[in-house]
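Trainee: I'm new to this one and would like a close look at a single part. Could you walk me through the helix that matters to the ligand shell, and then show me a bit of what lies elsewhere?

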Amino acid sequence: MTRESDGADAGGADAGGGDAGGGGERLQKVLARAGFGSRRVCELLIEDGRVTVDGEVAVLGRRVVVETARVAVDSVPVPVRPGTVHYLLNKPRGVVTTAADTHGRPVVVDLVPPEPRVFPVGRLDADTEGLLVLTNDGDLAHRMTHPSFGVEKEYLAEVEGSPGPLALRRLRQGVDLEDGRTAPARASLVAPHAVRLVIHEGRNRQVRRMLDAVGHPVVRLVRTRIGPLADRRLSPGEWRALGTDEVRGLERAAAGEPERPEGAASPPDPGGGERRGR
Ligand code: URA
């Protein structure tokens, strides 16, 4: 049990496993701020041995330096560094996913607040629309884009012609591209000229090349989901901050936990609530 109940975080005994000299903040306070519930609930998580700091199971009384500590709950990393922001942007067509464009085209970072500086997680082609995460959380970005983690991405593609069972089967089995066979995709025809495709690789122009290869070039491509994140209310050019639950959902997806079913509705609380455009 802890003695902490007054909200003050200076001083106090270190019950073991803490930073030398008692520096940093109490772990339950850090977890509560990250959205895991009240401090009491977070103490229970610690007591149950579900929280690690730098890979070691934490005990109650543990203090952490949030700038450097790697905190995880149930093996899923928790972003605790102050000033970390995560945005979900609905990228419009014609905007490029790089920090600067040599051809003077608009860039995604111009659509979100300039401070703190964020960068896009992965990329969408200039002519692709849809959801893109931007953050200054380099660890999460790395985990989300690393091929071995494979966060699912769902796309809606308007295509030339109407893909039949054979084309859909090829997409589901994996398509031979010049850089090798793709992993099997989930593919379904949602309208005569529209395919929903779920992939977890992130190769360059992958969806366009897969659909080209099965004889149905893309006319329009929209990314509609990234792991657990979908938001049909976000208009092109609008962004919003992700809520702590949503960031945790992304962390879980990057850690390899199962996704929500294909085509599932947006979460009831889409996080920060406020939608903005610049
Ligand atoms: N696949 C593509 O072909 N383009 C994108 O922008 C994303 C996935």
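**Helix H5 and the ligand shell**

Mentor: Let's start with the shell around the ligand, where H5 gives the most, with three residues. Keep in mind as you look that this is a predicted model. The residues surrounding the ligand are Leu124, Asp125, Thr128, Arg205, Gln206, Val207, Arg208 and Leu221. Sort that shell by class and you get three nonpolar, two polar and three charged residues. Now look at which domains supply it: domain 2 (86-148 + 228-262 + 271-277) and domain 3 (153-226) each put in at least three residues.

Back to the helix. H5 covers residues 206-213, and its buried residues are Gln206, Val207, Met210 and Leu211. Viewed down the axis of H5, these buried residues fall within an arc of 125°, so they line one face of the helix. Notice that Gln206 and Val207 turn up twice: they are buried in H5, and they are also among the residues around the ligand.

What lies over that buried set? The cover includes strand S10 (153-159) and helix H4 (165-173), along with strand S14 (194-199) and strand S15 (218-226). After H5 comes Gly215, a residue with a positive phi, near 90°.

Now for a look elsewhere. There is an open sheet of four strands, running in the order S3-S2-S5-S6 with antiparallel pairing. Its edges are strand S3 (56-57) and strand S6 (76-78); each has a single partner strand, so one side of each is left without a neighbour in the sheet. Follow S3 inward and you reach its partner S2 (residues 51-53), the two being joined in the antiparallel sense over two bridges. Within that pair, Thr52 sits opposite Val57 in S3.

One last stop is Gly277, which belongs to strand S17 (residues 276-277). Is Gly277 buried, exposed or partly exposed? It counts as partly exposed, because it has 15 other C-beta atoms within 10 Å, while a buried residue needs 20 or more and an exposed one has 12 or fewer. Setting aside neighbours within four places in sequence, Gly277 is in contact with Gly237 and Glu238. Leu111 is worth finding too: Gly277 and Leu111 are 166 residues apart in sequence, yet 6.7 Å apart in space, C-alpha to C-alpha.

Notes
Residues numbered from 1 in each chain as written. Predicted model: local features only at pLDDT ≥ 70, side-chain atom pairs only at ≥ 80, totals over all residues. Arc of directions from axis to C-beta. Contact = placed C-beta atoms within 7 Å. Near = placed C-beta within 6 Å. Nonpolar A, V, L, I, M, F, W, Y, C, P; charged D, E, K, R; others polar. Domains from an automatic or database assignment. Pairing = 2+ DSSP bridges.
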